[in-house]
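User: I'd like a close look at one part of this protein, with the rest brought in as background. Here is what I have on screen.

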Amino acid sequence: MAAPASTQPGSEAQAYAKTPDVIVSELPKLDIDLYIQNYVGRTRYERLILIGRCCVPLRVEALKAAVAEAKSGSDVTRYKDAWQLLRSVAPDEPEAKRDDEWIESTELANRTETTRLETELKGYRNNLIKESIRMGNEDLGKHFESIGKLTEATDAYNKMRHDVSTTKHIFDCGMHLASVAFQRHDWATVLSNVGKIANIQTGDDEQAQQAYTKVASGVALMGLGNYYDAANTLLHTNPNVSPTEYNTVASPNDVAIYGGLLALATMDRKALQARILDNQSFRMFLEHEPHIRKAISLFVNGRYSNCLTILESVKADYLLDIYLQPHIPTIYSRIREKCIVQYFIPFSCVTLDSLDAAFGTPNQSVELELIRMIRDGSLRARIDAKSKLLVAVSPDPRLVVQTNALAVAKKYEQEAKERLRRVNLIVAGLEVSSAKKQPGGGVGGGVGGPEVEEAWYEDITQLPSQGAERVQES
């Protein structure tokens, strides 16, 4: 069941306008207090507000925590959004009463701070102090980001670029721009800025910087729907780096979930075994999420229905993830299709009843899904409706050999014609030869005129006999 997303101007709902809200009615396994303590910064509010909008059992608790989180900062718009949502679902809660005094004092403090920072920056520009101008733009950008004016924050950080003087400054600027882009869910901009700072040597902990860039790039690639590259990127995240280096974006649990699910949806069994189960680095992340590790292990061992059962048991939790939620239907569909295909590979035919027992849902047959997969080309089979069988379609070996032979002959004929055409052009003197330029500006070897290099001729022995005879006649 889905409900349309809110599109109030200037509200946090703009970030989710592209994806309708998913209503989760069953009680998820996550504990809000333990879950949210894995994050710092503005992502805490974003995750709480998503749970409050989507999860019926945890709605009130999450929105109360979102109101408290908003009041701990300076973004009045976020507080109003959380308060309105809480008032609509639990008007009798103490937090559902609007705190007008806090709103007025916070707005006044924001205006005062904005005026002060803009005045200081203007003074720095008049004094032409480059480092002070850079710091002034950085402080102004951080202030705009903290009060929710993301467009103004982006402008300030972009102006900061003109006055950077060290690699550390370049890295900080890229981090700020990537942070704002994350809040706007502008994944292309996130990739652009992270790519600019990925290989910068700042002299600080390079492993920590690499961990942030890997996690940020992986989440952005997933946001763009590039699941295979996202999985590859997340699999290279260093597990020995403290989570505080990237907990403004994700936690180690998220790295395990994102990387495991995306790999399961895009990689074959050998790759899953070699790059995940045998990968000691990524297995350290999987220790945080044993469900993902077990699902991958079951898939590799051919126990496909058990793999899908485990994934369905934790689907409600994954639907409450801010970055994963829009992609859950696609990822789960791909994993399910892979399981069906792998289950069918060893057989020449399988009864539809056995497929329903393995992959069917209550009161719904898997036949319609098989028809769609056959039409899409992901399953090479046909359905025998009379006998209730799924029959494998094997290509004709003779037809394959003949098709390949005709393709090779056609390619050889085309190459022979091109070689003959080139030789005839050379013999007729129609080839345009390149001439060497001398340091003095003239062309050729001296004053007497240009010296044309000897033309390069194709090896006549590689041509068919009739082509050589044609050249001799010319």
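User: Is tyrosine 323 buried or exposed, and what is its relative accessible area? Please start there and then work outward.

Analyst: Keep in mind that this is a predicted model. Tyrosine 323 is buried, because its relative accessible area is 4%, and the cut-off for buried is under 20%.

Now for the company it keeps. Phe182, Trp187 and Tyr323 make up one aromatic cluster. Aromatic pairs in this model number 9. One of them joins phenylalanine 182 to tryptophan 187, edge-to-face, with 5.7 Å from centre to centre and 80° between the planes. The rings of tryptophan 187 and tyrosine 323 also pair edge-to-face, since their planes stand at 75°, with the centres 5.7 Å apart. In sequence, this second pair bridges quite a stretch: tryptophan 187 belongs to helix 9 (residues 187-197), while tyrosine 323 sits in the loop between helix 17 (315-318) and helix 18 (328-344), so the contact ties together parts that are 136 residues apart. The two partners are tucked away as well: phenylalanine 182 counts as buried because its relative accessibility is 5%, and tryptophan 187 counts as buried at 12%.

Stepping back to the whole chain, there are 22 helices and 5 strands. Of the 474 residues, 42% count as buried. The chain exposes about 25,600 Å², and carbon and sulfur atoms supply 52% of that. If you take contacts between residues at least 6 apart in sequence, 62% of them join residues at least 24 apart.

Helix 6 (residues 130-146) is a good one to click on next. With 17 residues at 1.5 Å each, helix 6 should span 24 Å, and its end C-alpha atoms are indeed 24 Å apart, so the two values agree. Its buried residues include Ile133, Leu140, His143 and Phe144. Among the elements covering the buried residues of helix 6 are helix 5 (100-127), helix 7 (150-160) and helix 8 (167-184). After helix 6 comes glycine 148, with a positive phi near 90°.

Then there's the sheet. It is an open one of 3 strands in the order 3-5-4, with antiparallel pairing. Strand 3 (349-351) and strand 4 are the edges, each pairing on one side only. From one strand to the next, the twist averages 20°. Strand 3 pairs with strand 5 over 3 bridges, and threonine 351 stands opposite leucine 389 in strand 5. Helix 19 (residues 352-359) packs on this sheet, touching strand 3, strand 4 and strand 5, and its direction makes about 70° with that of strand 3.

On the other side of the pairing, strand 4 (residues 381-384) meets strand 5 (residues 389-392) over 4 antiparallel bridges. Here alanine 381 stands opposite alanine 392. The hairpin has 4 residues between the strands, and lysine 388 takes a positive phi near 55°.

Last stop in strand 4 is isoleucine 383. Isoleucine 383 counts as partly exposed because its relative accessibility is 24%. Beyond its neighbours within four places in sequence, isoleucine 383 is in contact with Leu352, Glu367, Leu370, Ile371, Ile374, Leu389 and Leu390. Of these contacts, glutamate 367 is 16 residues away in sequence and 8.6 Å away in space, C-alpha to C-alpha.

Terms used: Residues numbered from 1 in each chain as written. Predicted model: local features only at pLDDT ≥ 70, side-chain atom pairs only at ≥ 80, totals over all residues. Heavy atoms only, no water. Pairing = 2+ DSSP bridges. Helix = DSSP H or I, 4+ residues; strand = E, 2+ residues; numbered from the N terminus. Axes fitted to C-alpha atoms, helices over the stretch in contact; angles between N-to-C directions. Contact = heavy atoms within 4.5 Å. Buried < 20%, exposed > 50% of the residue type's maximum accessible area, 1.4 Å probe, protein only. Areas by Shrake-Rupley, 256 points an atom, 1.4 Å probe, with all protein chains shown as cover. Expected span 1.5 Å × (residues − 1). Phe/Tyr/Trp six-rings, centres within 6.5 Å; stacked < 30°, edge-to-face > 60°.
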